[in-house]
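Please take a moment to look over the sequence and the fold before reading on. The paragraphs below move from the whole chain to a single residue and then to the ligand.

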Amino acid sequence: MHILLVASAFNSLTQRVLAELQDRGHTVGVELALGNDDALREAVRRHAPQLVVAPMLTTAIPEDVWTAHTCLIVHPGPPGDRGPSSLDWTLRGGVESWGVTVLEAVAEMDAGDVWAWSPLKMPPLAGKSDLYRGEVADAAVDAVLLAVERFGSGKYKPKRQKAADLAAGWRPFLKQAERRIDWATQSTESVLRQLRAADSQPGVLDELLGAQWHLHGGHPEDELRGAPGALIATRAGAICRATVDGAVWIAQLRPWRAPGSALASYKLPAVQALGDLLPVDVPEVPVPLQLPASRRTWSDIRYSEHGEHGGRNAVGVLNFSFPGGAMSTVQCRRLLEAYRFAQARPTSVLVLGGVRDFFSNGIHLNVIEAAADPAEESWANIHAMNDLVEAVLTTTDRLTVSALGGNAAAGGVMLALAADEVWCRDGAVLNPHYTLMGLHGSEYWTYTLPRRVGAAEAQRLTQSALPVSARRAVELGMAERVLQAAPEELGDEVTRLATQLAASPDLAARIAKKQAARAQDEAAKPLQQYRDEELAHMRRNFFDASEPHRALRSAFVRKEKALHTPPHVARLGLAAD
Ligand code: COA
């Protein structure tokens with residue numbers, strides 16, 4: 001079927017729906033709805049689609065379009081739920097199950113006939129965006145595929161929604177004023193619900209140390225205590241604030257700006273955002289890398305061991321999870337230190353990742369943008385990232401596995417490819433390219449990507465700048481396995497499979513073969529040479545003022561809206577594609 005996706009952004013869900021429909025043999029075009037109805041009409045005319053699907057739409061489809069074509073809208077709520085802040089309200093309410101509905105576009109928002117819907121189980125700790133990219137995206141894809149199949153059958157009659165249900169189901173836009181936290185009275189659980197309902201956007205507007213901030217993130221703390229609302233500790237760039245009955249960790253802050261301010265603000269690790277405002281007596285409270293399972297606190301890097309402890313078949317798992325998948329110089333160095341620790345342990349398989357949501361999206365563009373000298377910070381960040389990738393590439397005494405619970409992009413994909421095996425949760429979307437950020441890219445990609453997919457495909461993937469589904473990644477040779485696991489079950493599934501791998505009879509032979517292959521590759525072209533060649537391009541990208549990277553980075557961190565559908569996306573699904 002020829003399907004046109006209409007979306008407010010080429011975001012994770014739009015990319016995933018695109019990849020999943022393409023995987024099933026549909027031809028799919030994409031048009032961004034950016035407030036220009038005529039451009040949308042023109043795209044519909046150009047594509048003449050059999051069906052229009054809107055995976056993520058914040059504006060209305062013009063009436064003449066939805067009367068001439070069946071337009072299906074994805075709503076992140078079960079049938080009967082309506083309104084623009086569905087997930088926010090739901091997370092605040094703390095329900096255990098939810099759903100995603102595909103309904104037909106009509107004049108009234110979310111009031112059309114229901115073509116399909118899919119239920120989902122709410123995860124206990126995830127924030128809104130994490131939930132959106134995980135359980136909601138899974139349910140949305142199931143519902144879209146069912147709706148497309150039903151539409152294609154020509155026989156299905158969508159279900160009319162009852163007028164009484166429609167009236168009862170409407171929930172308005174959740175305003176910042178209603179998101180306010182009252183630190184003097186609210187319990188940890190209710191503060192966390194409010195923070196999660198606003199994470200990663202728009203954050204909760206609050207006052208801290210005499211300034212106004214949007215708070216982003218929200219994790220429970222089990223030991224630290226203090227006066228409600230007080231800033232009581234820091235850890236790895238995050239801050240801990242006391243509540244009436246406990247405390248919560250907040251990973252990032254975004255300074256408030258008066259409406260209409262010339263330059264939008266952007267998120268930074270909380271400690272960095274506070275800068276000199278942070279009182280000197282607030283202690284840094286680290287936790288061990290091997291955190292006991294009984295602890296209920298936040299840490300962004302963890303290490304655990306499984307299987308035969310200290311024995312030949314033990315498995316090490318190095319979990320890491322950074323907001324937005326972005327990895328600053330400091331975060332890369334901390335992860336490398338943890339990797340070195342893991343490497344020193346007697347294990348035969350070492351897993352990197354293995355948690356829900358983003359694996360990595362490469363260097364931290366926000367931290368770079370905020371640096372006194374962004375080019376120098378970019379340089380430091382790419383070196384720190386490369387050091388980490390190099391450590392993985394040169395691990396030859398055991399097998400390494402990258403386990404992607406969610407999406408990865410740019411240098412984050414290349415970090416994954418440094419391991420011997422790449423396992424992706426079904427639904428993970430990979431963007432193995434840098435060009436949209438005006439970068440040549442590093443992370444030894446010129447070694448790892450062609451080695452896996454061949455030179456021609458590597459060229460195509462990096463130049464076309466399009467998303468790749470987990471299944472397609474396996475077909476191309478970028479990944480070894482697609483894991484059928486819900487986001488919350490991924491960790492256990494990865495450990496199970498890694499333990500199996502560690503017990504496989506040919507493990508020693510595989511490690512020996514890998515050692516030989518690395519030595520052979522090194523003799524043919526040293527890793528350092530790949531690094532030097534890549535960094536020669538990157539230096540120009542970062543330091544040369546005439547290069548596009550600086551402006552692209554600024555637009556990205558400040559979330560400047562695109563004015564039109566990017567040409568590489570607009571071309572999709574058309575005859576020459
Ligand atoms: N640095 C800083 N923040 C980043 C980031 C990076 N490298 N990559 C993603 N993020 C942030 C986004 O700003 C966004 O923040 P928000 O939650 O406050 O909105 C969040 O992570 C999720 O990204 P988003 O763009 O909403 O997700 P998506 O799934 O729709 O798109 C990407 C994912 C990876 C395609 C897109 O984020 C991207 O192009 N990132 C930059 C990748 C890159 O060029 N890295 C540098 C070169 S190594």
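How many helices and how many strands make up the secondary structure of the protein chain? What you see is a predicted model, and in it the secondary structure of the protein chain comes to 21 helices and 23 strands.

With that inventory in mind, consider the overall form of the chain. A compact globule of 577 residues would have a radius of gyration near 25 Å, and because the protein chain has 24 Å, its value agrees with that expectation. Along the principal axes, the C-alpha atoms fill a box of roughly 65 × 60 × 50 Å. Of the 577 residues, 57% count as buried, while the surface that the protein chain exposes amounts to about 23900 Å², with carbon and sulfur atoms supplying 54% of it. The contacts tell us how the sequence is brought together: among those between residues at least 6 apart in sequence, 70% join residues that are at least 24 apart.

A single residue can make this picture more concrete. Threonine 101 belongs to strand β5, which runs over residues 97–104. Is this threonine buried or exposed? Its relative accessible area is 0%, and since a residue under 20% counts as buried, threonine 101 is buried. If we leave aside its neighbours within four places in sequence, threonine 101 is in contact with Ile73, Val74, His75, Gly77, Pro78, Pro79, Val114, Ala116 and Trp117. One of these residues, glycine 77, also offers its backbone oxygen, which the side chain of threonine 101 reaches at 2.6 Å.

We can now turn to the ligand and ask which residues come nearest to it. There are 23 residues around the ligand, and of these Ser200, Gln201, Lys267, Ile363 and Lys559 come nearest. Sorted by class, this shell has 10 nonpolar, 10 polar and 3 charged residues. Several side chains place an N or O atom at a short listed distance from a ligand oxygen atom: for serine 200 the distance is 2.5 Å, for glutamine 201 it is 2.8 Å, and for lysine 267 it is 2.4 Å. Beyond these individual pairs, the protein covers 84% of the 850 Å² of accessible area that the ligand has on its own.

Definitions and conventions:
Residues are numbered from 1 along each chain as its sequence is written. This is a predicted model: local features need pLDDT of at least 70, side-chain atom pairs count only at pLDDT 80 or more; totals for chains, interfaces and linings use all residues. Side-chain values use heavy atoms; hydrogens and water are left out. A residue is near a molecule or strand if one of its heavy atoms lies within 4 Å of it. A polar contact is a pair of N or O atoms within 3.5 Å; within protein, one must be able to donate a hydrogen and the other to accept it, and residues adjacent in sequence count only if both atoms are side-chain atoms. Accessible areas come from the Shrake-Rupley method with a 1.4 Å probe; for residues, only the protein chains shown count as cover. Ala, Val, Leu, Ile, Met, Phe, Trp, Tyr, Cys and Pro count as nonpolar, Asp, Glu, Lys and Arg as charged, and the others, Gly among them, as polar. Helices (H or I, at least four residues) and strands (E, at least two) are DSSP runs, numbered from the N terminus. The radius of gyration is taken over C-alpha atoms; the globule rule is 2.2 Å times the number of residues to the power 0.38. Buried means under 20% relative accessible area, exposed over 50%, partly exposed in between (1.4 Å probe, protein chains only). Contact means heavy atoms within 4.5 Å.
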